[in-house]
Amino acid sequence: MPVEKSAPLVRTEGLKKYFKLKGGAQLHAVDGVDLEIRQGETLGVVGESGCGKSTLGRLMLKLIEPTDGKIYFEGKDITKLSVRQMRPLRKEMQIIFQDPYACLDARMSVIDIIAEYMFIHRTYKTRAEIYNRAAQLMDQVGLARRYSNAYPHELDGGRRQRIGIARALSLGPKLIVCDEPVSALDVSIQAQILNLLMDLQEELGLAYMFVTHDLSVVKHISNQIMVMYLGQCVERAEADELFAHPTHPYTKALLAAIPRPDLSARSEEVQLIRGEVTSPINVKPGCRFAARCDHCTEACTEKDPKLMEISPGHFVACTMVNGQ
């Protein structure tokens, strides 16, 4: 018998974010995204720079307000909640930022940065309890206690990112949006941080939305992968399924761009993405990848392709594949 899946921890329906520009134009940063993440699982979100990955993460946490669509957390619609109403939920959802230096207050010591959220939310009754918990979090993320009174500029990128992870964990969240948390780090340090995040997930049952442009990284850490292009989801599937059977032309091109440490691969033809990226301002109907797709037909430019299930758990938005 098939194993029943648990209810999603977080889910979105038709989530959109348009930014208003001068002259009444609108930039379609996120345009109709449906996703779900279950407790203890990781959704990897990949795509080139400017495709809306980070904006999507901030929308899910309601750090920015959506233009349209729904956001559900533990089955509750949080789309219209005010800043005051969202405050209790801030404990449940946190974010790890891309730049491990810019997101830290240079005037605060390590222990104070980790303790800051606990002071804001009054997690414990006394200062001593808060600082004791902050010290425990340093141990949990592999940050030596001798750095308690150090300042961010005195530490390297890997240790700074551990501070950010400890701070995100300080309120006991269920969901963490990881916004390219290893892209600014050396390769050896990247592996350490990724392994730390995976260990914490196993230990605490965390749900991650892992935003990245590195496909080798996302395969390593994700249960499901969603491929975005110009604000839309073009393909979503289990990680192994996506790498084994990529279907959308954009997904195939991304996977073909992964460097292979194999000398025999030098003779293979590299699949290139040609053409210019379509403007995300006042987008016209039709597939947004059409101008760069070798398989584009007239039907591709007439209407937006719908995300359809082509096999169990594997969704693709492509006129050529779905015959729309």
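**A walk from sheet to cores**

In this predicted model, let us begin at strand β4, residues 68-73, which is joined to β5 by two bridges, the two strands running antiparallel. Within this pairing, F73 sits opposite K76 of β5. Stepping back, both strands belong to an open sheet of four strands, ordered β2-β1-β4-β5 and paired in antiparallel fashion. Its edges are β2 (26-37) and β5 (76-77), each of which pairs on one side only.

From the sheet, let us turn to the helices. The axes of α3 and α5 approach within 7 Å and cross at roughly 30°. Angles under 35 degrees count as roughly parallel, and α3 and α5 are therefore roughly parallel to each other. Their crossing is right-handed. If you would like to see the side of α3 that meets α5, look at V110, I113, I114 and Y117, which meet I163, A166 and R167 of α5.

Some of these residues turn up again in the largest nonpolar core, which has 40 residues; V110, I114, I163, I165, L169, I176 and L197 have the most contacts inside it. Two or more residues come from each of α3 (110-121), α4 (127-140), α5 (157-169), β7 (175-179), α6 (187-204), β8 (207-211) and α7 (215-221). The top contributor is α3, with six residues.

L197 is a good place to look around: beyond its neighbours within four places in sequence, L197 contacts I96, I165, P181, Y208, F210 and I221. There is also a second, separate core, made of 30 residues, with L15, V30, I37 and L59 among them.

Methods: Residues numbered from 1 in each chain as written. Predicted model: local features only at pLDDT ≥ 70, side-chain atom pairs only at ≥ 80, totals over all residues. Heavy atoms only, no water. Core = buried A, V, L, I, M, F, W, Y, C linked by side-chain atoms within 4.5 Å. Buried < 20%, exposed > 50% of the residue type's maximum accessible area, 1.4 Å probe, protein only. Contact = heavy atoms within 4.5 Å. Pairing = 2+ DSSP bridges. Axes fitted to C-alpha atoms, helices over the stretch in contact; angles between N-to-C directions. Parallel < 35°, antiparallel > 145°, perpendicular 65-115°, else oblique. Left-handed = near helix turned anticlockwise from the far one by under 90°.
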